[in-house]
Amino acid sequence: MSAFSDSDRGYMARALQLAERGRYTAHPNPMVGCVIVKDGIVAGEGWHERAGEPHAEINALAAASGKAMGATAYVTLEPCAHHGKTPPCAEALIEAGVSKVIAAMRDPYEQVAGQGLAMLQSAGVVTELGLMQSSAERLNEGFVSRMTGNRPFIRVKVAASIDGATAMRSGESQWITGAPARNDVQRLRARSGAIMTGIGTVLADDPSLDVRLNAIETGGLQPLRVVLDSHLRMPLTAAMLARPGRTLVCCCGIHDDSALQRAGAEVRSFGEPDGVVDVGAVLDDLARRGVNDLLVEAGRGVMGHLMEKDLIDELVIYQAPHIMGSETRGMFRTPSWSTLADRRMLEITDVRRVGGDTRITARVKR
C-alpha cells in the first residue's frame with residue numbers, strides 16, 4: 001500500500017462527512033460517501049441517500065457530469081460488484097473512465113467482500129485500500145456487526161441520577177432528565193433500525209418508542225419496536241400500537257395472539273412455554289430483517305440480562321445532576337454478580353453537556 005498524502009486524507013474526510021448525511025435514511029444499507037477528484041479539483045461528490053436509491057458513487061458520477069475520465073474516486077466503502085436493487089458501482093466507475101479508486105474499507109457483505117476491488121483491478125483501474133479505515137468502520141459499525149456477527153450493534157440508553165438511580169422504588173421515573181436530553185434520545189432512535197424494551201416497561205410507562213423528529217430530516221422512517229414479553233401480557237391499548245411503524249412482540253410458546261395482530265402487532269415465539277424469551281434468537285431474527293443498530297430502552301431486568309450475556313456494545317447514559325437516595329432502582333439487575341471480578345470494564349469515548357444533564361458514551365471492553 002502506498003503512503004497516503006494529506007490531500008488524500010482531506011478528500012476521504014469529506015467523503016466520510018458526506019456519508020454521515022445518510023445516518024437516518026440509508027439503513028439497512030451502509031452509509032457511504034464518494035468524492036471524485038481530477039487534477040486536484042473536486043469534480044463531483046455524493047452519498048447514499050436512501051435504501052433502494054442510487055449509491056454514493058452513482059450520485060458522485062452524476063454530479064461530475066462527464067468529468068470523471070482519468071479521475072480518482074475516494075469512497076468510504078468498497079464499491080459493490082453485484083446486481084441488487086441497483087447496478088454495480090464498480091462497473092459504473094469503470095464505464096466513467098475513473099483511473100484510480102481509493103476505498104476506506106473492504107465491504108463485509110459476502111456478495112462484495114473484495115469483488116468490487118477485483119473488478120476494478122481487472123479493468124485496469126488502480127485501487128488502494130485502508131485510508132481512514134477505522135473511521136469508516138466506526139461509521140458503519142452496525143452494518144459490520146450484522147454482516148460479520150449476525151447481530152445488530154446494541155446500544156443501551158439509560159437516564160439516571162448522579163447516584164445511579166433510574167427510578168424510585170415505587171417505579172416513578174418521569175422525568176429524571178430534562179427536555180434537551182429527551183430530545184437528544186430522539187436522534188438515537190432515528191439512527192436505529194429497531195428499539196427494544198421489556199413488557200415491564202410497557203406496563204409501567206406505556207412508551208410510544210417512536211421518532212418524533214422532522215420527517216424531512218429522518219425521511220419519515222420509524223424503527224421497528226420490539227417488546228420482550230414471555231407470557232404475552234402486551235395490552236391491546238398500548239400506546240405504541242397506535243403509532244406509525246411496526247411492533248414485534250416476542251413471547252414464549254403458543255398463545256392466542258389474534259387480538260394483538262388485529263391491533264397491528266406481529267407476534268412471534270422465541271422460546272419454550274413458561275420460559276423466558278431467547279434474546280439471542282431475537283437478535284438473529286433482527287439481523288435477518290436487516291436491523292443494523294438496535295437501541296435498548298428498558299428496565300433494569302432486561303438491561304442486566306444483556307449485560308450478563310455480554311451483548312451490550314455501547315452505553316449512552318444521560319446523568320441528571322441530582323441525588324435520588326437509597327430507596328431507588330439501579331441501572332442493571334445482575335443477581336449473579338458477587339465479586340469485583342464480575343464487573344464490566346468500560347471505555348468512555350465521549351462526555352458532553354445536554355441541557356442541564358451530562359451525556360456519557362461508553363464502550364464495553366471485551
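**Figure 1. Strand β8 and its two parallel neighbours in the predicted model.** Strand β9 (residues 224–228) runs parallel to β8 and is joined to β8 by 5 bridges. Strand β12 (residues 293–296) also pairs with β8 in the parallel sense, here over 3 bridges. Ile-195 takes part in both pairings: the bridge partner of Ile-195 in β9 is Arg-225, and the partner in β12 is Leu-295.

**Figure 2. Burial of strand β8.** Strand β8 spans residues 194–198, and 5 of its 5 residues are buried. The cover extends to both faces of the strand. Ala-194, Met-196 and Gly-198 lie on one side, while Ile-195 and Thr-197 lie on the other.

**Figure 3. Helix α6 and the elements packed against its buried residues.** Within α6 (residues 141–149), the buried residues are Glu-141, Gly-142, Phe-143, Ser-145 and Arg-146. The elements that cover these residues include two helices, α5 (133–139) and α11 (279–288). Strands β6 (153–161), β12 and β16 (357–364) are also among the covering elements. Strand β12 thus appears in two of these views, as part of the cover of α6 and as a parallel partner of β8. Just after the helix, Asn-150 adopts a positive phi of about 55 degrees.

**Figure 4. The second largest pocket of the model and its lining.** The space in this pocket amounts to about 660 Å³. The lining comprises 35 residues, of which Glu-20, Arg-23, Glu-141, Arg-155 and Arg-191 are the closest to the pocket centre. Two or more lining residues come from each of the helices α1 (6–19), α5, α6 and α7 (179–190). The strands that contribute two or more are β13 (314–320), β15 (346–354) and β16. By class, 14 residues of the lining are charged, 11 are nonpolar and 10 are polar. Glu-141 links this view to that of α6: this residue is among those closest to the pocket centre and is also one of the buried residues of the helix.

**Figure 5. Surroundings of Ala-96 in helix α3.** Ala-96 belongs to helix α3 (residues 89–96). This residue counts as partly exposed because its relative accessibility is 23%, whereas buried means under 20%. With residues up to four places away in sequence not counted, Ala-96 touches Leu-61, Ala-68 and Met-69. Leu-315 is 219 residues from Ala-96 along the chain, and the C-alpha atoms of the two are separated by 44 Å.

Methods:
Residues numbered from 1 in each chain as written. Predicted model: local features only at pLDDT ≥ 70, side-chain atom pairs only at ≥ 80, totals over all residues. Heavy atoms only, no water. Buried < 20%, exposed > 50% of the residue type's maximum accessible area, 1.4 Å probe, protein only. Helix = DSSP H or I, 4+ residues; strand = E, 2+ residues; numbered from the N terminus. Pairing = 2+ DSSP bridges. Contact = heavy atoms within 4.5 Å. 1 Å grid on protein atoms, 1.4 Å probe; cavity = no way out; pocket = protein on both sides within 12 Å on 5 of 7 lines; lining within 4 Å. Points joined across faces, edges and corners; volume = space filled by probe spheres on them. Nonpolar A, V, L, I, M, F, W, Y, C, P; charged D, E, K, R; others polar.
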